[in-house]
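These are my notebook entries on a structure that I examined element by element. I set down what I looked up and what I found.

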Amino acid sequence: LLEAVDALQLPPNPLDHLVDLCGGPDKVAEMTGREKHLVRDADTGQVEARNRRDGTETSQKMMNMSERNSFQQGDKLIAIISEAASTGVSLQADKRVKNQRRRCHMTLELPWSADKAIQQF
């Protein structure tokens, strides 16, 4: 049974696939409630589950703040944020941050209420 499961060609998780297409976790700031993500090895093409925390962040909130800072400082040029991490987060090109590039906002899953949708922009 395990061999049959390994042989399945399942589609990738949409969020992990998007991160992979955009250059991987080293290029994409991910601010979500996820503790793990799937990472594709560039050499072998194999996918493995990895913890998002590298050991230095003590909580999910701190990890998301670190990712936001990486985006705002220009270390990562793409940011993905979910509703789980969006409260109180601004990714605008504020004059106080290094990354002053124009932002392009893509909404993949619209919130159920209009007030939450407006807050994201």
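**Entry 1. Glu30: burial.** I looked up Glu30 in this predicted model and found a relative accessibility of 3%. Glu30 counts as buried because that value falls under the 20% limit. I located Glu30 in strand S1, which covers residues 28–31.

I then asked which way the side chains of S1 point. Val28 and Glu30 point to one side of the strand, whereas Ala29 and Met31 point the other way. I noted that all four of these residues are buried.

**Entry 2. Glu30: contacts.** I listed the polar contacts of the Glu30 side chain. One joins it to the side chain of Thr32 at 2.8 Å. Another joins it to the side chain of Arg34 at 2.9 Å.

I next searched for residues that touch Glu30, leaving out those up to four places away in sequence. The search returned Leu15, Val19, His37, Arg52, Asn64, Glu67 and Ile80.

**Entry 3. Salt bridges.** How many salt bridges does a search of the whole structure find? I recorded five.

I took up the pair of Arg34 and Glu30 and found their side chains meeting in a salt bridge, with 2.9 Å from N to O. Both Arg34 and Glu30 are buried.

I then looked at Arg52, whose side chain meets that of Glu30 in a salt bridge with an N to O distance of 3.5 Å. This pair links distant parts of the chain, 22 residues apart: Glu30 belongs to strand S1, and Arg52 to the loop between strand S3 (47–51) and helix H3 (60–72). Is Arg52 buried or exposed? Its relative accessible area is 11%, so I entered Arg52 as buried.

I traced the links further and found that Asp16, Glu30, Arg34 and Arg52 are joined in a network of salt bridges.

I also noted a salt bridge between the side chains of Lys76 and Glu67, at 2.9 Å from N to O. Lys76 and Glu67 are both buried.

**Entry 4. Pairing of S1.** I asked in which sense S1 and strand S4 pair. S4 covers residues 78–81, and the two strands pair in the parallel sense over four bridges. Opposite Met31 I found Ile81 of S4.

**Entry 5. Ends of helix H2.** I inspected helix H2, which runs over residues 14–21. Asn13 caps its N-terminal end, with a side-chain oxygen 2.8 Å from the backbone nitrogen of Leu15. After H2 comes Gly23, and I noted that its phi is positive, near 115 degrees.

**Entry 6. Asn99.** I located Asn99 in the loop between S4 and helix H4, the latter spanning 114–120. Is Asn99 buried or exposed? I entered Asn99 as buried because its relative accessibility is 6%.

I then checked its side chain and found a polar atom 2.9 Å from the backbone oxygen of Phe71. Not counting residues up to four places away in sequence, Asn99 touches Phe71, Gln72, Gln73, Gly74, Lys76, Leu77 and Ala93. I cross-referenced Lys76, as its side chain also appears above in the salt bridge with Glu67.

**Entry 7. Surface near the N terminus.** I looked up Leu1, which is placed in the segment before helix H1 (2–7). With a relative accessible area of 86%, Leu1 counts as exposed, because the limit for that class is over 50%.

Which residues form a nonpolar patch on the surface? I recorded Leu1, Val5, Leu8 and Leu10, which together have about 480 Å² of accessible area.

**Entry 8. Chain as a whole.** I tallied the secondary structure and obtained four helices and four strands. Read from the N terminus, the order of the elements is α-α-β-β-β-α-β-α.

I looked up burial over the chain: of its 121 residues, 24% are buried. The chain exposes about 9,400 Å², and carbon and sulfur atoms supply 54% of that area.

Finally, I examined the contacts with a separation of 6 or more. Residues 24 or more positions apart account for 42% of them.

How values were computed. Residues are numbered from 1 along each chain as its sequence is written. This is a predicted model: local features need pLDDT of at least 70, side-chain atom pairs count only at pLDDT 80 or more; totals for chains, interfaces and linings use all residues. Side-chain values use heavy atoms; hydrogens and water are left out. Buried means under 20% relative accessible area, exposed over 50%, partly exposed in between (1.4 Å probe, protein chains only). A polar contact is a pair of N or O atoms within 3.5 Å; within protein, one must be able to donate a hydrogen and the other to accept it, and residues adjacent in sequence count only if both atoms are side-chain atoms. Contact means heavy atoms within 4.5 Å. Two strands pair if DSSP finds at least two bridges between them. Patches are made of residues with over 30% relative accessible area and no salt bridge: like charges are joined within 9 Å, nonpolar side chains (Val, Leu, Ile, Met, Phe, Trp, Tyr) within 5 Å. Accessible areas come from the Shrake-Rupley method with a 1.4 Å probe; for residues, only the protein chains shown count as cover. A salt bridge is a side-chain nitrogen of Lys or Arg within 4 Å of a carboxyl oxygen of Asp or Glu.
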